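User: I'm new to this one and would like a close look at a single part: the open sheet and the cysteines. Could you walk me through it?

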Amino acid sequence: MSGTAFPRLDRSILADDGDALKFCSTCAFSQACLSQGMDKSALLDLHMLVEHVGPLHAGDHAFREGDPFEAIAAVRAGTVKTYTIDRDGHEHVLGFHLPGEVIGLNAIDGDRYPCNAVALDTVMLCRFSFPKISVLAARLPGLQQHLFRLMSRDIGNAALLAGDWTADQRMAAFLVGLSRRLAARGFSPDRFQLTMARTDIANYLRLAPETVSRVLKRFQDEGLLNVDRREVELADHARLQQLAAPILRN
């Protein structure tokens with residue numbers, strides 16, 4: 001899958017969960033398992049907990065706010081948007097979840113999901129019963145530590161955009177962040193598709209939609225990136241990272 005432009009699917013990541021020893025390349029828990037020296041044969045209990053869900057198509061919900069919390073789910077392919085609706089009927093985008101990332105973690109504190117999760121394109125999920133994975137995590141310190149790390153990352157991401165950042169800084173951080181997350185799963189860090197609508201990006205970044213369009217056009221005029229509808233190519237990583245640095249902090 002190396003170098004594949006997201007979200008193009010590679011059959012190898014959906015075929016059969018890897019092979020007899022290795023999890024598929026988008027497994028949210030593979031890194032934790034491998035770092036503990038455990039392959040699939042040593043984690044048959046975890047593998048037995050996996051329920052494949054999908055394909056979900058654009059507009060299909062994985063769960064809705066208020067649904068009973070029973071499981072967390074790892075995105076195997078596609079993009080999932082999480083959001084809430086306030087009392088006035090306004091939507092608030094919480095995040096976009098890519099292959100290898102987990103949805104439902106913010107429901108652990110209660111017994112119901114506190115937000116909605118909707119597919120933005122063709123989505124495949126691996127669903128894990130949370131009561132069962134909690135019991136298994138207590139026996140596998142590496143798995144428990146990884147769950148804590150995933151929860152901490154969610155909290156950190158939510159706080160990133162709370163500062164008084166400029167529109168340019170917000171957009172640069174969004175693009176660089178996407179690039180890094182996709183690269184971590186073997187996709188191209190330079191070329192990818194914005195699977196979310198510009199209005200959703202604006203909502204997430206706390207910007208007006210016209211501001212998002214204006215910033216993208218200016219970035220293109222200045223040679224930072226190339227945009228063709230939803231297709232994006234990052235042309236000047238160094239300058240984008242410099243703009244994003246105050247938000248991403250690295």
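Analyst: **Cysteines and the open sheet**

C115 has a relative accessibility of 1%, so it counts as buried (buried is under 20% relative accessible area, exposed over 50%, partly exposed in between, with a 1.4 Å probe and protein chains only). This is a predicted model, where local features need pLDDT of at least 70 and side-chain atom pairs count only at pLDDT 80 or more, while totals for chains, interfaces and linings use all residues. Residues are numbered from 1 along each chain as its sequence is written, and side-chain values use heavy atoms, leaving out hydrogens and water.

C126 is buried too, at 10% relative accessible area. As for disulfides (cysteine sulfur pairs within 2.5 Å), searching the whole structure turns up zero.

Now the sheet around C126. β2, β9, β4 and β7 line up in that order as an open, antiparallel sheet (strands are DSSP E runs of at least two residues, helices H or I runs of at least four, numbered from the N terminus; two strands pair if DSSP finds at least two bridges between them). At the edges sit β2 (50–56) and β7 (102–103), each pairing on one side only. β2 joins β9 (residues 123–129) through five antiparallel bridges, and C126 in β9 is the bridge partner of H52.

Helix α3 (residues 130–139) lies across β4 (71–77) and β9, at about 65° to β9. That angle is taken between N-to-C directions, from 0 to 180 degrees, using lines fitted to C-alpha atoms, for helices over the stretch in contact (contact is heavy atoms within 4.5 Å).

Stepping back, the chain has eight helices and twelve strands, and 46% of its 250 residues count as buried.
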